[in-house]
Every structure is written in C-alpha cells, then in structure tokens.
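Biologist: Please walk me through the side-chain contacts in this model.

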Amino acid sequence: VPFMNIMDLLDRNVCPGGIPAGSTCKVTTSLKWDESTQSPFFNFVVNSSKVHQVWFDDARSSALKYGVAKQMGLRGVGPYTWSDLDADGSVTGNPRAAAESKSMWGALHTFSEGKAPGEYRLQMVV
C-alpha cells in the first residue's frame, strides 16, 4: 500500500489501491507499534468481512532503522521508493501529507548528516 494511501486509510477510511472499486474500508484498530521490528501497523476490514493488516515505515521507524545502520557503520540507507509520498497534499488532499512527507525526508537527513534522532533500540539478531 503506498504511503499516501496509508494516511488516507487511517484518517478517512479511504480504500487503498488494489481494493475493488465500490468497496468500503474501515480501520478496526488504532495505530499499533511492534517493539521487535520497531514498526507501526494497523488492521482494516474490507466490506465488513475480510481483515487486512498493514505494516509500514514512518519517520519514527525509519529514523530508528537508519540509526542502527549508522551505528553499524553502513555507508548508505534508503527506502525502496518514495515516489508515493505526497509532498504538498495536492495528490490526496490530506492535510497531514506535507508534514508526513517532510518528516520522512527529515529521518533520512539525520542519517546523512550523522545526527542521532534519539536512542536506537532496534538490534540486529545473529
């Protein structure tokens, strides 16, 4: 699910791409945090029957993972794709889009500038 669709689903119960047109989507849990992966997730239901679970990275989880990469001496990090970020809210009309996009880029900037975004709790398990 593209990041901008995650915000619309959470904020307005707008079905993400890949869900058949005419379907109704409803978020059924608050935003949850998984300590083991340091990642947010939530559940939603399509047409009052099929439950889906969405895991994603936001600025907080990305900053934690970038911090671990920095501590391990990795020379580069980055997302799979950020082409789905709505930089100014013009694509989705979501008022939070610009702030969310800015915070995602800010998390990456902390890695490139070597600034610590906080205590990193994610640890590599060998």
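**Contacts in the predicted model**

Modeller: One aromatic cluster is made up of Phe42, Phe44 and Phe56. The model is predicted, so local features need pLDDT of at least 70 and side-chain atom pairs count only at pLDDT 80 or more, while totals for chains, interfaces and linings use all residues. Residues are numbered from 1 along each chain as its sequence is written, and side-chain values use heavy atoms, with hydrogens and water left out.

Biologist: How many aromatic pairs does the structure hold?

Modeller: Rings of Phe, Tyr and Trp (its six-membered ring) pair if their centres lie within 6.5 Å; planes under 30 degrees apart are stacked, over 60 edge-to-face, and the rest tilted. By that rule the number of aromatic pairs is 3.

Biologist: Is the pair of Phe41 and Trp55 stacked or edge-to-face?

Modeller: The ring centres of Phe41 and Trp55 are 4.3 Å apart and the planes differ by 15°, which makes the pair stacked. Phe41 belongs to strand β3 (residues 39-46) and Trp55 to strand β4 (residues 50-55), 14 residues apart; strands (E, at least two residues) and helices (H or I, at least four) are DSSP runs, numbered from the N terminus. The answer is stacked.

Biologist: Which class does the pair of Phe42 and Phe44 fall in?

Modeller: Both residues are buried, where buried means under 20% relative accessible area, exposed over 50% and partly exposed in between (1.4 Å probe, protein chains only). The ring centres of Phe42 and Phe44 lie 6.4 Å apart with the planes at 40°, so the pair is tilted.

Biologist: Which parts does the disulfide of Cys15 and Cys25 tie together?

Modeller: A disulfide is a pair of cysteine sulfur atoms within 2.5 Å, and those of Cys15 and Cys25 are 2.1 Å apart. Cys15 lies in the loop between α1 (3-12) and β1 (25-27), and Cys25 is in β1, so the parts joined are that loop and strand β1.

Biologist: Is Cys25 buried or exposed?

Modeller: Its partner Cys15 has 21% relative accessibility and counts as partly exposed. Cys25 has 7%, which makes this residue buried.

Biologist: Which residue meets Lys65 in a salt bridge?

Modeller: A salt bridge is a side-chain nitrogen of Lys or Arg within 4 Å of a carboxyl oxygen of Asp or Glu. The whole structure has 2 of them, including one of Glu100 and Arg96 at 3.9 Å, N to O. For Lys65, the N to O distance is 2.5 Å and the partner is Asp57.
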